[in-house]
Amino acid sequence: MQSSISMFVHKTAFVFLLVLNFSVCKSADTFFVSLDGNDNNPGTKDKPFGTISKAQDVVRKLPGNREPAIIYLRGGTYVFKNTLEFGVNDKNIVLMPWGNEPVIFSGGISINPSKVKRLDQTAYANEFAEDARKKIGVLNLRELNISDYGQLHSVGFSRPYQPSWMELFINDKPGQLARWPNDSTIAIGQVIDKGSVPRNGDNSNRGGKFVYGSDRPAGWKKSKEVWISGYFNYGYAEDAIKLAAIDTVAKTFTTAQPHIYGFDSGKNWNRWYAYNIPEEIDQNGEYYLDRERGLLFFYLPSIVTKLDLSMLQDPLIVLEGSQNIAIRNISLEVSRGMGIYMERSQSCTISNCVFRNLGSLAVTIGKGIMPFKTQKHEGSGEESSRVLGSLDQHLYENTTFNRQGGKITGS
């Protein structure tokens, strides 16, 4: 009886030690990062690192054959002036918040709402109609040392994907360059010159000219860069084009660029609206940036709790040649470019993340094509990482283009 009990105890102890050793071997390495941390800390919960890059450096020195190391992020908004990069030396990592603490990756700048001045309390009040002066706010970006505004550019059918210009977000909602009409469009009148037609090989870059048929543009006197958007020919090809001239006597628009199919009228969808016009700031979310003076004018909501300006043009996160990287439960927002770019990576996952208020795509997997210098419906271009550019047009001619996106385990 004594022998049986002793044998049972020894067996139980052996199993316990085996399980304990197995658990220790399988337990993941964990590191913590906090906005209040310091890279001289050991990276524990009580003494976290101050940057994600420090945690990456530590993880890279761990043995390769191991369970994924977990980098826990304490709650808060992590502002990125540069891309967070995972390369060939980054393997077996989980990047996620600690517990239920909300984590935001931002490519922008948050502005204290107290910096906003009501228009009627500034020296610019007489530049706007009297009934608008109490409804418009002004931010002096020069005083905030903000000078990188980006450039407005054409977007639409056959146009390359590019990072956005600087955009305004009010109370976490995207603003809109002040436009007219606010919620409708205007029919294109008589087309005087359809402009060059790039689709037919005419790359002379001659803009079009057409009658706009409205008295409204006569009041647009402050903007030096008015744009129009619409379906200028076919109903599947929306475009956005800068105006070169507005003739308020003949009531004609002359565009600075051609439309790929040339301008046409008469069809139900041949319509336009105009934007980037300070005189049209008349509803929530609308704004206009005076680039010469660095003044941002926008329609004031009843309460302003949060103001953000997008700044980063590069992707917020890049994975190139990485393996087994998991990004979980993070919000990526307020950036001019992509949320996440992936290339040549293996078994990487993105789960339960939020992508909002970005100037480009949320996630891009694989290489793109450098933007074509001339407007084309199709053609072959130069492949490039971290851009999408003229990929759509390239694929028309190169349907089997290998973007080198990566693979899942075993494929």
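A nonpolar core is a set of buried Ala, Val, Leu, Ile, Met, Phe, Trp, Tyr and Cys residues joined through side-chain atoms within 4.5 Å; buried means under 20% relative accessible area, exposed over 50% and partly exposed in between, with a 1.4 Å probe and protein chains only. The model here is predicted, so local features need pLDDT of at least 70 and side-chain atom pairs count only at pLDDT 80 or more, while totals for chains, interfaces and linings use all residues. Residues are numbered from 1 along each chain as its sequence is written, and side-chain values use heavy atoms, with hydrogens and water left out.

**Exercise 1. Find the residues with the most contacts inside the largest nonpolar core, then look around L73.**

Step 1: The largest nonpolar core has 30 residues, and those with the most contacts inside it are L73, L95, F105, I317, L319 and I330.

Step 2: Now take L73 and skip its neighbours within four places in sequence. Counting contact as heavy atoms within 4.5 Å, L73 meets V33, I52, Y78, L95, M96, P97, W98, E101, V103, F105 and I330.

Step 3: Don't stop there, as a second, separate core of 23 residues includes L141, L168, L289 and F298.

**Exercise 2. Work out which residues line the largest cavity, and of what class they are.**

Step 1: Get the terms straight. On a 1 Å grid over the protein atoms alone, a cavity is a set of points where a 1.4 Å probe fits but cannot get out; a pocket is an open set with protein on both sides within 12 Å along at least five of seven lines; lining residues have an atom within 4 Å of a point. Grid points are joined across faces, edges and corners, and a volume is the space filled by probe spheres set on the points.

Step 2: The structure holds 1 cavity of 30 Å³ or more, and the volume of the largest cavity is about 50 Å³.

Step 3: Its lining is made up of L152, W165, M166, L177, N276, Y287, L289 and R291.

Step 4: Sort that lining with Ala, Val, Leu, Ile, Met, Phe, Trp, Tyr, Cys and Pro as nonpolar, Asp, Glu, Lys and Arg as charged, and the others, Gly among them, as polar. You get 6 nonpolar, 1 polar and 1 charged residues.

**Exercise 3. Do the same for the largest pocket.**

Step 1: The largest pocket offers about 410 Å³ of space. Of its 20 lining residues, R159, Q257, K373, T374 and Q375 are the closest to its centre.

Step 2: By class, the pocket lining splits into 6 nonpolar, 10 polar and 4 charged.

**Exercise 4. Decide whether Q393 and P102 are buried or exposed, and list what they touch.**

Step 1: Place them, taking helices (H or I, at least four residues) and strands (E, at least two) as DSSP runs numbered from the N terminus. Q393 sits in helix α3 (residues 391-397), and P102 in the loop between β5 (91-97) and β6 (103-106).

Step 2: Q393 counts as buried because its relative accessibility is 5%. P102 is exposed, as its relative accessible area is 63%.

Step 3: Leaving out residues up to four places away in sequence, Q393 touches S158, F372, K376, H377, E378 and G379. With neighbours within four places set aside, P102 is in contact with G75 and G76.

Step 4: For scale, P102 and Q257 are 45 Å apart in space, C-alpha to C-alpha, and 155 residues apart in sequence.
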